Amino acid sequence: MLMRTDPFRELDRLAQQVFTGPGTWSRPTAMPMDAYRTGDEFVVAFDLPGVAADAIELDVERNVLTVKAERRPAIGKEDVEMQVAERPLGVFSRQLFLGDTLDAERITADYDAGVLTLRIPVQEKAKPRKISITSSGGAEEVKQIDA
């Protein structure tokens, strides 16, 4: 038998279930995420522990990236008696609005250890570049500035 030692943890879990309830396809629950830029790409990591890879949908339409996932009960047998069930079930969703400088055609996705990681590259036209300046006079002076 499993024992509990933190009474406030149970209260937090109960409050979350009462006030938010399980997500549905028409009213999904938000999923936690981290986002950062590294070099010429943005990385977004969604926390989805306990979600099967085939229960994740990833769509891009008009620069809106939508991630939907469904956490289903892990045990579906009738002769199983759950002792502790703290992980919320249901549908989770998150939408990100991608700027014009991101390349939505080359997004890659990887799902490992309950974390969905998206890599969104920056478009070539949005990357910093050097512009050469030539003098229209007789001198051959060339300056470069950052764009």
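The exercises below, each with a worked solution, concern a predicted model of a protein chain.

**Exercise 1.** Determine which secondary-structure elements the protein chain has, and in what order they run from the N terminus.

*Solution.* Counting the elements gives one helix and 10 strands. Reading from the N terminus on, the order is α-β-β-β-β-β-β-β-β-β-β, with the helix placed ahead of the strands.

**Exercise 2.** Work out the strand order of the open sheet of four strands, and state which strands are its edge strands.

*Solution.* The order in this open sheet is 1-6-5-4, and the pairing is mixed. Strand 1 (29-30) and strand 4 (56-61) are the edge strands, since each pairs on one side only. Turning to strand 5 (residues 64-71) and strand 6 (residues 90-97), one finds that they run antiparallel and are joined by eight bridges. Within this pair, lysine 68 stands opposite serine 93 of strand 6.

**Exercise 3.** Locate valine 80, and decide whether this residue counts as buried, partly exposed or exposed.

*Solution.* Valine 80 lies in the loop between strand 5 and strand 6. The relative accessibility of valine 80 is 35%, and because buried means under 20% and exposed over 50%, the residue counts as partly exposed. Together with Ile75 and Met82, Val80 forms a nonpolar patch on the surface, and the accessible area of these residues together is about 260 Å².

**Exercise 4.** Describe the burial and the accessible surface of the protein chain as a whole.

*Solution.* Of its 147 residues, 22% count as buried. The accessible surface comes to about 11,100 Å², and carbon and sulfur atoms account for 51% of it.

Notes:
Residues numbered from 1 in each chain as written. Predicted model: local features only at pLDDT ≥ 70, side-chain atom pairs only at ≥ 80, totals over all residues. Heavy atoms only, no water. Pairing = 2+ DSSP bridges. Helix = DSSP H or I, 4+ residues; strand = E, 2+ residues; numbered from the N terminus. Buried < 20%, exposed > 50% of the residue type's maximum accessible area, 1.4 Å probe, protein only. Areas by Shrake-Rupley, 256 points an atom, 1.4 Å probe, with all protein chains shown as cover. Patch = residues over 30% accessible without salt bridge, like charges linked within 9 Å, V, L, I, M, F, W, Y side chains within 5 Å. Salt bridge = Lys/Arg side-chain N within 4 Å of Asp/Glu carboxyl O.
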